[in-house]
Amino acid sequence: MKKKIRNLLLLIQLATLWLVNIQAEEYQLHYFNKFQTRTSITEPGNNQLSIYFLKQNWTIALQDPNSAIGQSIEEFSLKKDPVFYPNPFQVRDNPQLQFAISKISQNEFNNLKFEIRAYDYRGFEIIRKSFFKNDKEFVYNDRSDVTYINLHFEEAELKEKFSSGGYVYLLLKNNDVIAKGQFAVKPQ
Amino acid sequence: MKKRLKHLLLMAFVILNQAQAIPFTGITESGSSARHIALGSIDGFSKGADSIFETPAALYRIKTYALNSFSSSILGDFVHYNNLAIAGKFKEGSWAIGICEVIHPNQPYTFFGQPMAHNRGGANYAEPQGIFDIKRSIIKAGYQYSPIETRHFGATINWYNDNMIDSVGRGWDIDLGVIQEWNNLEISCTLKNGLKNRIYSKTQTYNQEKQEYITTYPTEDLSRELNISAKYIWKRLFIMPQIEFKRKKIMPSIGLEYTPWFFKQMTLYAGSESSLMPDNSTKRRLSTGIGLNLGILTMYYAYKKSETPTTSLIENDQHHFSIEIIL
C-alpha cells in the first residue's frame with residue numbers, strides 16, 4: 001500500500017514538474033553527486049528523469065534546486081573536480097575551467113579569490129591569473145547544496161603565452177592549492 | 001583524386017597565406033639525458049649516443065658503439081619523457097639514430113557540442129567524455145665526419161610528429177654542427193632547425209557561428225637556433241659556458257663538471273640554464289647531478305626544481321635518471 005501511495009505521489013510530482021516546466025537537465029545536475037552517475041544528454045520528458053526519481057527519496061526530490069529551504073552552510077570543499085571545457089582547445093575557443101564547491105557562507109563567498117597557475121612540460125610557470133567574485137570572467141551559479149563556478153579565459157591573454165602541447169594547472173583558493181589537473185592546447 | 005587535389009590546394013593556400021606562426025615547443029628542451037640536465041643543458045660535450053640530440057659533431061667521441069637511454073616523469077605523472085639513441089663508428093664516419101618522446105597521458109576529453117548539463121543561470125557544465133594522450137616525438141638520424149683529428153663536422157635530419165586526439169602534425173628540419181679542439185679548450189657550434197621549416201597540422205576546429213566542426217591546417221615554426229659552447233679544462237674541473245641565439249634572444253648558460261681525485265669513478269655536475277618561454281621571455285634555473293662510471297656502463301642522476309609551489313598535491317622536485325653504455 002505504501003509503495004502504491006509513493007508511486008502515485010511520484011507520478012503527481014512528475015506531472016507537477018512537467019507543468020512548471022523545470023528542465024530535466026537541471027534535476028539531473030542537482031542529483032548528480034547523490035547518484036554518482038555520469039551526466040548524459042536528457043530532454044524534458046526523457047524517462048531517465050523517472051529513473052532518477054525512483055532511486056531517490058521523492059520528498060527530497062520535490063525541492064526546487066534554487067530554493068532556500070534545505071540550504072546548509074558547510075566548510076569549503078570541492079564538490080566537483082575542475083575540468084577544462086573544451087579540452088583540447090585552441091586559444092580562440094575562449095576556454096573555461098568548470099568546478100563546483102560546497103555551500104559556504106555569503107561572507108566567505110564574497111571574499112573568494114581563485115587563482116589558476118599553468119605549467120609547461122618543463123615545469124615552468126606559463127600563466128598566473130586571479131579571479132575575484134565580481135570579475136566578469138568569474139561566472140557562478142548558486143544552488144541549494146553546491147555552487148557551480150566557471151572561470152573564463154580570453155583569447156588575448158592566452159595567445160602569446162601558449163604554443164600547442166600539454167600543460168598542467170593548479171587551482172588555488174585564497175593562496176591554498178585545492179586541485180590540480182591538465183589541459184591541452186591545439187595548434188592555432 | 002579530385003577531392004584530394006582540392007584539399008591539397010586548399011591546404012597550400014592556407015599555409016602560404018599565414019602570418020608568422022607560433023613556435024613549436026615541447027620535445028627536446030627538457031634535456032637529452034640526466035647528465036645534460038645536471039650540466040644546465042650545455043650542448044656538445046656528451047661522450048655517448050645522446051650527442052645526436054645536442055650536436056651531431058660530438059659523435060666523434062664514440063670509439064665503437066654507444067647506447068643511451070633516458071626516462072623521466074615531470075610534475076608527478078603528468079609528463080613522461082623518454083629517449084633512446086644508438087650510435088656506431090665506421091670507416092667513413094659515425095652514424096647515429098635517436099628517438100625522443102614526450103607524452104602527456106590521461107587528458108580529460110571535453111568538446112563543443114557534447115552532451116551538457118544545463119543550469120538555470122545559463123551556464124553549461126561539461127563532464128569528461130573520455131581520456132586521451134598527447135604524444136610528441138622527434139626522430140633524428142645523424143652522421144659525423146672528422147677531416148682532421150681536431151676538427152669534427154656533423155649533420156642530422158629531424159622528423160617531428162605531434163598527435164593529439166583530433167590534431168595531427170608533421171614536420172622536418174636539419175641540424176648542423178662543428179667542434180674544434182685545442183689543448184685545454186673545445187668549442188662547439190650547432191645550428192638547429194637550420195631550414196627554419198614548420199610543423200604542418202591538420203586539426204578539427206569548432207565554428208561557433210555554424211555550430212559545426214571544420215578542418216583547418218594550422219602551422220607552427222620550428223625555431224632556428226644557434227648554439228655556441230666551450231669546454232675549458234682546468235685541472236679536474238671542466239668549465240662549460242654556452243650562448244644560445246633563438247628567436248632574437250640571447251640566452252647564456254654555464255655548466256661545471258668535476259671529478260674528485262679520491263674517487264675517479266664519480267663525477268659531479270652543476271649548471272645554470274637559461275630557457276626561452278613561448279612569449280619570448282627567459283627564465284633561469286639551477287641544476288645539479290652526479291655520474292657513476294662502472295666500466296662500460298655509466299649512470300647519471302640530475303636534480304632540479306619546477307616552478308610549482310610546495311604542496312602535497314604536486315611534485316615540484318624533478319629527479320632524472322639516465323644510463324649510458326659505451327663499448
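Here are three short exercises on a predicted model, each with a worked solution.

Local features need pLDDT of at least 70 and side-chain atom pairs pLDDT 80 or more, while totals for chains, interfaces and linings use all residues; side-chain values use heavy atoms, with hydrogens and water left out. Residues are numbered from 1 along each chain as its sequence is written, and chains are lettered from A in the order in which they are written.

**Exercise 1. Describe the contact between chain B and chain A.**

Step 1: grab the residue counts. Chain B brings 72 residues and chain A brings 59, where contact means heavy atoms within 4.5 Å.

Step 2: get the area. About 5,400 Å² is buried between the two chains, and carbon and sulfur atoms give 56% of that. Buried area here is the accessible area (1.4 Å probe) that two parts lose on being put together, summed over both.

Step 3: look for charge pairs. Three salt bridges run between chain B and chain A, a salt bridge being a side-chain nitrogen of Lys or Arg within 4 Å of a carboxyl oxygen of Asp or Glu. One joins Glu127(B) to Lys80(A), at 3.5 Å from N to O.

Step 4: ask which element of chain B gives the most. That's strand β4 (residues 93-108), with six residues on the side touching chain A. Strands are DSSP runs (E, at least two residues), numbered from the N terminus.

**Exercise 2. Work out where Thr147(A) sits and what it touches.**

Step 1: place Thr147(A) in strand β6 (residues 146-152) of chain A.

Step 2: check accessibility. Thr147(A) is buried, at a relative accessible area of 1%; buried means under 20% relative accessible area (1.4 Å probe, protein chains only).

Step 3: skip neighbours within four places in sequence and list contacts. Among them are Phe99(A), Ile101(A), Phe109(A) and Tyr140(A). Phe99(A) is 48 residues away in sequence, yet the C-alpha to C-alpha distance to Thr147(A) is 8.6 Å.

**Exercise 3. Find which strands of chain B the salt bridges of Asp162(B) and Asp175(B) link.**

Step 1: start with the total, which is 21 salt bridges over all chains.

Step 2: take Asp162(B), whose partner is Arg136(B), with the closest N and O atoms 3.0 Å apart. This pair links strand β8 (residues 151-164) to strand β7 (residues 131-148), 26 residues apart. Both residues are buried.

Step 3: now Asp175(B), which pairs with Lys140(B) at 2.5 Å between the closest N and O atoms. Asp175(B) is in strand β9 (residues 167-181) and Lys140(B) in strand β7, so the bridge ties together parts 35 residues apart in sequence. Asp175(B) and Lys140(B) are both buried.

Terms used: Helix = DSSP H or I, 4+ residues; strand = E, 2+ residues; numbered from the N terminus. Buried < 20%, exposed > 50% of the residue type's maximum accessible area, 1.4 Å probe, protein only.
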